[in-house]
Amino acid sequence: MNAPVDVSFFARAAKPLTSYRKYWAARFGTAKFLPTSRKEMEALGWDSCDIIVVTGDAYVDHPSFGMSVIGRMLEAQGFRVGIIAQPDWQSAEPFKALGKPNLFFGVTAGNMDSMINRYTADRKIRSDDAYTPGDVGGARPDRAAIVYSQRCKEAWNDVPIILGGIEGSLRRIAHYDYWSDKVRRSIVVDAKCDLLLYGNAERAIVEIAHRLAAKEPVQQITDVRGTAFVRRETPEGWFEIDSTSVDEPGRVEAHVNPYLMVSDQAKANGATCAKEDEAEAVAKAAEAAGSSVVNLAIKPLNFVPNPALQGKGKTKVPPRERSVIRLPSYEQVRSDPVLYAHANRVLHLETNPGNARALVQAHGEGTTARDVWINPPPIPLTTAEMDHVFDLPYARSPHPRYADENGSHDGATKIPAWEMIRFSVNIMRGCFGGCTFCSITEHEGRIIQSRSEDSIIKEVEAIRDSVKGFTGTISDLGGPTANMYRIGCKSPEIEAACRKPSCVYPGICQNLNTNHDPLIKIYRRARALRGIKKILIGSGLRYDLAVQSPEYVKELVQHHVGGYLKIAPEHTEQGPLTKMMKPGIGSYDKFKQMFEKYSAEAGKKQYLIPYFIAAHPGTSDEDMMNLAIWLKKNGFRADQVQTFYPSPMATATAMYHSNRNPLRKITRESETVDIVRGDKRRRLHKAFLRYHDANNWPLLREALKSMGRADLIGNGKHHLIPTWQPLTDGGYTSARRKNSTAAPATAKAAPVKLAPVKPSKGRILTQHTGLPPRDNGSGSGPATRKSAGPVRGNIRKPR
């Protein structure tokens, strides 16, 4: 079956990944695993590595792990690539293990930001790490990308350092750092790397590798999209647009209101962007004239420039490809939260590869001054290029060095992040949802990049035939969002020109194709394969998009739900929802009706598991109280509490730091946002989510009385919490049990040991009942979700 031809503007805008002439070392062939030691290099016949990738994750040769994708991609170009995984960072010696690389060091903190990986939302150190054998914490340093870069420089001072990964992506400009509670410099400055690659880096890393192999100095490689670097001054021939301040008179390019549809923006300028708008206007004109013929010769008024002003103050918009926007400097955003919010807004407006301009931000003053220059985002991969990346010869297993005494990876050395995606298939990249707390858009972009149907089926068959422990169940067929496969803008021209942060907020854009037929087709084809018993959908579902296709919802509910389905309304109240850019709870109710209807038609008892978030910017105490009332009314008891975690560069993080709303124009008098700061208030918001936990009742009673809602305290069904207080040990055991600390026993209250709960017949096993989750098909019994924590604002599955 032939893959559909890409007609997008982006498909024609970059050199194909497979069009480069292979490097001479291609003669060595393909390695089963990229070497991690000198012994492995010698077995391959190598005397040196061309490129060495240093990563904070254990080496798992799988397309969901960034270091493997980059390593295999460079191997396919003919380069010899070695891996240094989770090195001891206390000295430079472990970074010399594979010798001196001929071209460069590629450095990444791993699939997750190292600070989010190591600390909880309450800034407590985690005792586990899902990307480390045995789930053991402490295998990587804080701010791993900076530490690894410094050690690489110590090991070989003259070797270029190319920094990548999500930690680099989210720190490419001066950014608020939640853990130190201050604004830090761009990671390009702190890591002293030669180039930073942000976003999906296949296109950039291949070009840079070939240019370095051709002996081009790394300092001259300044024209690659998706890169950032340090330079002293703006080069000649560039037009610099000053955006270092707010509330000053002068010519300003209007910022697009994210709440307007593209067609609304066009109408405001006397134009149209959709053919249906034009047709509608013609029809209305004909109707008004009482005729089917319209005089199309009628034209709008023409405004001519004032002759007296000709040649004075005339402004021409500079060409976009030679324009650079100067953001407020590091020193400015560090001392002025309003300018920080302004810089964040400008950066997010310049994220569409079709129209983004370069950005520059000064760091330092006087003789130490230098600019961090950020080129426009990378051009998304075409379907053929996505197939090429995912069809590379991955071993689909952790490196043999992590095997236990039985030669398997299921014992004491099991890597939970690999276990989670062991039997899953990634079918696409990107997300156009634009949720302000999430980092997917900042890293992968909002243009959906989809694989072909044949490539997906080929991977399902590879799992069936070659992955040890496969029992017939594919745990996920998805991506950052389960149901955005092959969905995008109807018009390539509008797609390349659009500056909206979301295609589905506040409503679904009229230019968005919402056809789920390709996804339905791939579901049906995959589950019909021999040896495939069940295909589950484990990725997050965009339910407001799904309800546009009842056939898709029916297909999903009746064939691909393993008893329960996770979706994320995040909240019930409009205050926080508008700051999250999430749809109202009415969309959830509509999806729930369809879910229950199709479940009943199939004769299945299935459940929706909604996820909510506490302490998000814009959330009042009353909002959390109303959410708790909704939860009790609907019979939900959340075990896994999700608290807002300010990840670098996210829009919601800018709200958290600045008290301003970057979704609107930033001025000194612009809208302020209610921010949940301090342990006491954050504990209260979490307590409302866990209203059923007796340990939270004293705190909730006090809060409800001070809010004037003592009517919610009582022993009836209509009350939120009871008046009586049971004897408890004050402890709390979360789903991440290693991170839970039991309260010390006292003479007054000895620890109470509860008998294990046995599920009643027919009762669904979910986190909301406190029972173990269902078998995920790994053959190793029920497994808990062991990602880096129940945190919104981070990529939910390893990439």
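The exchange below concerns the cavities of this predicted model.

Me: How many cavities of 30 Å³ or more does a search of the whole structure find, and why is such a space called a cavity?
Reply: The search finds 10 cavities of 30 Å³ or more. Each is called a cavity because a 1.4 Å probe fits there but cannot get out.

Me: What makes up the lining of the largest cavity?
Reply: The largest cavity, with about 500 Å³ of space, is lined by 35 residues. Gly 66, Met 67, Ile 70, Gly 165 and Ala 201 lie nearest its centre. A residue counts as lining if it has an atom within 4 Å of a point of the cavity, so these five meet that condition.

Me: Which element gives the most to the lining of the largest cavity?
Reply: Helix H2 (66-76) is among the elements that each supply at least two residues, and H2 gives the most, with five residues. Strand S1 (51-55) and helix H7 (202-213) are also among those supplying at least two.

Me: Why is Gly 66 counted as polar, and Met 67 as nonpolar?
Reply: Gly is placed among the polar residues and Met among the nonpolar ones, so Gly 66 and Met 67 fall into these classes. By class, the lining of the largest cavity has 17 nonpolar, 13 polar and five charged residues.

Me: What is known of the second largest cavity?
Reply: About 280 Å³ of space lies in the second largest cavity. Of its 22 lining residues, the closest to its centre include His 348 and Leu 663. Helix H11 (337-349) and H14 each give two or more residues, and H11 gives the most, with four residues.

Note on methods
Residues are numbered from 1 along each chain as its sequence is written. This is a predicted model: local features need pLDDT of at least 70, side-chain atom pairs count only at pLDDT 80 or more; totals for chains, interfaces and linings use all residues. Side-chain values use heavy atoms; hydrogens and water are left out. On a 1 Å grid over the protein atoms alone, a cavity is a set of points where a 1.4 Å probe fits but cannot get out, and a pocket is an open set with protein on both sides within 12 Å along at least five of seven lines; lining residues have an atom within 4 Å of a point. Grid points are joined across faces, edges and corners, and a volume is the space filled by probe spheres set on the points.
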